[in-house]
Amino acid sequence: MKPALHVSRIIDKVSLAASMAFSLEPLVTPKPGNVHRLGDVKDLKLEYFTMASPLLLPLFRRASKVGIEFLKYNIISKGIIGKIVYDCSLKIKRWFRTNIGLGAVLTLTVQSIASSMSLLEDPAFSLKTLSRNVGRVIRTTTVEDTTWYYKSIKLFTPGYLGRLCYLGYPDVNSPFYNTILLRNNISLHKLLQILSLDLVSKNLASNLECTIKYFTFFNRVYCEFKDWNYALVVTYLKILSENIDYLVFRRHGIETAKLVMLQSKKLLDEILNVENWRSKVLRFDLKLRREGINPGSTADIITSVIMVALMKGIKP
């Protein structure tokens, strides 16, 4: 049994893991259609993620402290989760003028809160404990968190969530979204539950089910090949082969998103246990780039997987 860690060490470990995960994700190369060492994507540059990591560190520290306080006093200030996400987004907007990972920021904020709770409860940091605590954190969210999340989205891409009015939820670009959210008392938990096509939302609403599933897959590949980068590229393709990427769906339609899934599955089967895997993946990467396809939601899940790996002591 591992000895208990001091609270200050828990906060340090969790916040550093979150900020490092944010900067390590784009270094995984090549990730078809996404930012990596060999290529940027439109207005997204690899350097942005490296620069953003220290900017976000204090906010992930704040999230980690929220987790410690929640475990001790069983209460979270209304709107604090959404406010941390907004403050992260505002820093990114001021420095880079573009969205470099709102889904990752939301996930890492919740994950930081739950991870500090989990590490304080269980120094071995079991995935079961992490999943349970993510559920506890998400269920505490209020309409104030949703309001801050909407504000975060409006900083970058008002159409990110798509049209929600037919579900009884306000569109982000509606001038009355705040009034409707408050009147219907729509918590962030409720919002995430209805966004079943969005992998990031689905992951959080299901207590990090996707993160844990694909971390387990990553860990198996990593233990076999002892290659951090290869294991993460394979995991990226595994995620893409089994899920509709919401960003691809929103920009290119469901048929394109399904085709990307099928192509990823075929490529994954071709590169397992193959020495020249990189050239095959690069060809797929070039194809997606030519077509302007960027599976950003899949990259957000990889960021979450990396944070779990770091918390578990698995490093590049």
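**Group meeting talk: a buried serine, a helix, salt bridges and a pocket**

Serine 19 is buried, with a relative accessible area of 3%. That value comes from a predicted model, and so does everything else I show today. The cut-off for buried is under 20%, so serine 19 counts as buried at 3%.

Where does serine 19 lie? In helix α1. What does serine 19 touch, leaving aside neighbours within four places in sequence? Ser53, Leu57 and Phe60.

Now the helix itself. Helix α1 covers residues 7-24, which is 18 residues. At 1.5 Å a residue, the expected span is 26 Å. The end C-alpha atoms of α1 sit 25 Å apart, so the model agrees with expectation.

Serine 19 has company. The buried residues of α1 include Ile10, Ile11, Val14 and Ser15. Further along, Ala17, Ala18, Ala21, Phe22, Ser23 and Leu24 are also among them. Which helices do these buried residues pack against? The partners are α2 (46-73), α3 (80-96), α4, α11 (228-242) and α15.

Next, salt bridges. The count comes to ten. I'll take three pairs and one network.

Pair one is arginine 132 with glutamate 121. Their closest N and O atoms are 3.7 Å apart. Arginine 132 is in helix α5 (residues 127-139) and glutamate 121 is in helix α4, so this bridge ties together parts eleven residues apart in sequence. Arginine 132 is partly exposed, at 41% relative accessibility. Glutamate 121 is partly exposed as well, at 35%.

Pair two is glutamate 242 with lysine 213, at 3.2 Å from N to O. This pair links distant parts of the chain. Glutamate 242 belongs to helix α11, lysine 213 to helix α10 (residues 209-225), and they are 29 residues apart. Buried or exposed? Glutamate 242 is partly exposed, with a relative accessible area of 32%. Lysine 213 is partly exposed too, with 45%.

Pair three stays within one helix. Aspartate 269 bridges to lysine 265, with the closest N and O atoms 2.8 Å apart. The two residues are four apart in helix α13 (residues 254-271), so about one helical turn separates them. Here is the geometry behind that. An α-helix has 3.6 residues a turn, so residues three or four places apart point the same way. Aspartate 269 is partly exposed, at 46% relative accessible area. Lysine 265 is partly exposed, at 40%.

Then the network. Arg62, Lys83 and Asp87 are joined into one network by salt bridges that share partners.

Last topic: the largest pocket. Its volume is about 650 Å³. How many residues line the largest pocket? The lining has 36. Nearest the pocket centre lie Leu44, Asn99, Leu247, Arg251 and Asn294.

Which helices each supply at least two residues of that lining? They are α4 (102-121), α12 (246-252), α14 (277-290) and α15 (296-311). The largest share comes from α15, with five residues.

What is the chemistry of the lining? The split is 14 nonpolar, 13 polar and nine charged residues.

Two helices deserve a second look. Helix α15 packs against the buried residues of α1, and α15 also gives the largest share of the pocket lining. Helix α4 packs against those α1 residues too. In addition, α4 supplies at least two lining residues, and α4 holds glutamate 121, the partner of arginine 132.

To recap: serine 19 is buried in the model, the salt bridges come to ten, and the largest pocket is about 650 Å³.

Key: Residues numbered from 1 in each chain as written. Predicted model: local features only at pLDDT ≥ 70, side-chain atom pairs only at ≥ 80, totals over all residues. Heavy atoms only, no water. 1 Å grid on protein atoms, 1.4 Å probe; cavity = no way out; pocket = protein on both sides within 12 Å on 5 of 7 lines; lining within 4 Å. Points joined across faces, edges and corners; volume = space filled by probe spheres on them. Nonpolar A, V, L, I, M, F, W, Y, C, P; charged D, E, K, R; others polar. Expected span 1.5 Å × (residues − 1). Buried < 20%, exposed > 50% of the residue type's maximum accessible area, 1.4 Å probe, protein only. Contact = heavy atoms within 4.5 Å. Salt bridge = Lys/Arg side-chain N within 4 Å of Asp/Glu carboxyl O.
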